[in-house]
Amino acid sequence: MSEQYRVCIVDDDLATRRLMELTIGRAWGHEVRVFESGIRFLEAFPDDPGIVLLDIMMSGMTGVDVLRHIKERSPSTPVIMLSAQGNINVAVETMKLGAEDYFTKPVDFNRLRFALEKAVRLQQLEHRVRQLQEAVEGEASFEGIIGADGAMRNVLRLADKARHSDITVLIEGESGTGKELIARAIHFNGKRREQPFVVLNCAAIPRDLLESELFGHERGAFTGAVDRKPGKFELAHQGTIFLDEIGEMDLALQAKLLRVLQQQEFERVGGTETVRVNVRVISATNRELARMVADGLFREDLYYRLCTFPVKLPPLRERPADILLLAEHFLGVFARKEGRDGLLFSRLAVERMTSYHWPGNIRELQARIERAVLLSEGQEIPESLFPIPTTLPPPHPPEVMPPIETVPDGSAPIIPLEELKKQALLNALHTTGWNIKEAATLLGIGRTTAYRMMDEYGIHAKET
């Protein structure tokens, strides 16, 4: 076995301990610790015992009792039982208590070697599953959603209220703003979190197959339907179905979806049997459904049914406070993935990121940073790996300070200093198209100072 791992041998028979220590430790090259009794093992219980080889018939405390203690303290620790007596009842009891395997003495070392390898693989698999579960729970928790901007905090407050009920939620927002992440957070923090969360992207399925994907089909319902297939609603029973890009669904199918929302029942394609389900529905769209209703492209009754609890996700360009937070998060993720911990953004790279419009929103930012991590050569990621901000025309004509008129004696009138500061800030804002960071740079002040001055002088975005 090329991989080395830890094995604890617990047996009160000296000859057995020595033989196993020589075979597993010296011959196979693994780390071995030996204990002459179950009591000694439990007293010195290692933080990571690895695999435990445990004799059943020991003085002081039987192996069965030791097994119970092990599983209480470390349920994932693999335990292989050893016995000089081939008692099938004892073997069954130990397997019910969580033992991985059972060997009678003298031990078949070829079979034991295979059992150890199997136990290690299962332990590694369980560890990986736990990691994935923790990652999913972390991504799906409200705490895992990055958003310091006021608009995003409002979204999270709404989502937090929605998670406590089964109300139908419609999440609206541009592509790449994180609509599915919000849907997952609502589900995995709600009362249905132990039940399925089923996702269907309505734009990714051909329209003639979408009905089958939603409601399933019977055998022979159409060419290629060789077996009965349950649909997404059946798979989501007792849980949540997330219908992404709901605006892509055609009118005929919208009518069938409305019935499911109202009555929680449907028929599979090609079937007559009524299927009843209990499903919470969360939908999302990057289109303006209200306008589609006005244009006759979306059913009004379905719209109001879906939009019982609307949540509007702001685009990234309206969340300037979150750009750098998200960028640092993605940098950490991709740097660890590539084994390049310690990577930093250069100052000019930060300026480009915070000034860019990000039409692709968070998805574009994530892709740009992944690419930058791969292409950067030093410890600093240069600005050249990020797009150059497009200068947008100012929303209003620049406000120019009126010329200073002189009084009859030829001297200039005294203008209050605070008024001069306000006019200078307004001019800078108009010149930079209301880009507060650029305006602050133009004036030679910090962005925080610019925000404070705007509050102090009552200057609001797009003020004329």
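The protein contains 18 helices and 16 strands. The model is a predicted one. Of the 464 residues in the protein, 42% are buried. The surface exposed by the protein amounts to about 25,000 Å², of which 51% is supplied by carbon and sulfur atoms. Among the contacts in the protein with a separation of 6 or more, 69% are accounted for by residues 24 or more positions apart.

Five of the strands form an open sheet, in which the strand order is 7-10-13-6-14 and the pairing is parallel. The edges of this sheet are occupied by strand 7 (residues 197-201) and strand 14 (residues 309-312). Each of these two strands has a single partner strand, and therefore one side of each is left without a neighbour in the sheet. On average, and with direction ignored, neighbouring strands of the sheet are turned by 20 degrees against each other.

At the edge formed by strand 7, the single partner can be described in further detail. Strand 7 pairs in the parallel sense with strand 10, which comprises residues 240-244, and the pairing extends over five bridges. Within this pairing, Leu200 has Leu243 of strand 10 as its bridge partner.

A helix is also associated with this sheet. Helix 7, formed by residues 179-188, lies across strand 6 (residues 169-172), strand 7, strand 10 and strand 13 (residues 280-285). Relative to strand 7, helix 7 runs at about 160 degrees. Strand 7 thus appears in two arrangements described here: strand 7 is paired with strand 10, and strand 7 is among the strands that helix 7 lies across.

Definitions and conventions. Residues are numbered from 1 along each chain as its sequence is written. This is a predicted model: local features need pLDDT of at least 70, side-chain atom pairs count only at pLDDT 80 or more; totals for chains, interfaces and linings use all residues. Side-chain values use heavy atoms; hydrogens and water are left out. Two strands pair if DSSP finds at least two bridges between them. Helices (H or I, at least four residues) and strands (E, at least two) are DSSP runs, numbered from the N terminus. Axes are lines fitted to C-alpha atoms, for helices over the stretch in contact, and angles run from 0 to 180 degrees between N-to-C directions. Contact means heavy atoms within 4.5 Å. Buried means under 20% relative accessible area, exposed over 50%, partly exposed in between (1.4 Å probe, protein chains only). Accessible areas come from the Shrake-Rupley method with a 1.4 Å probe; for residues, only the protein chains shown count as cover.
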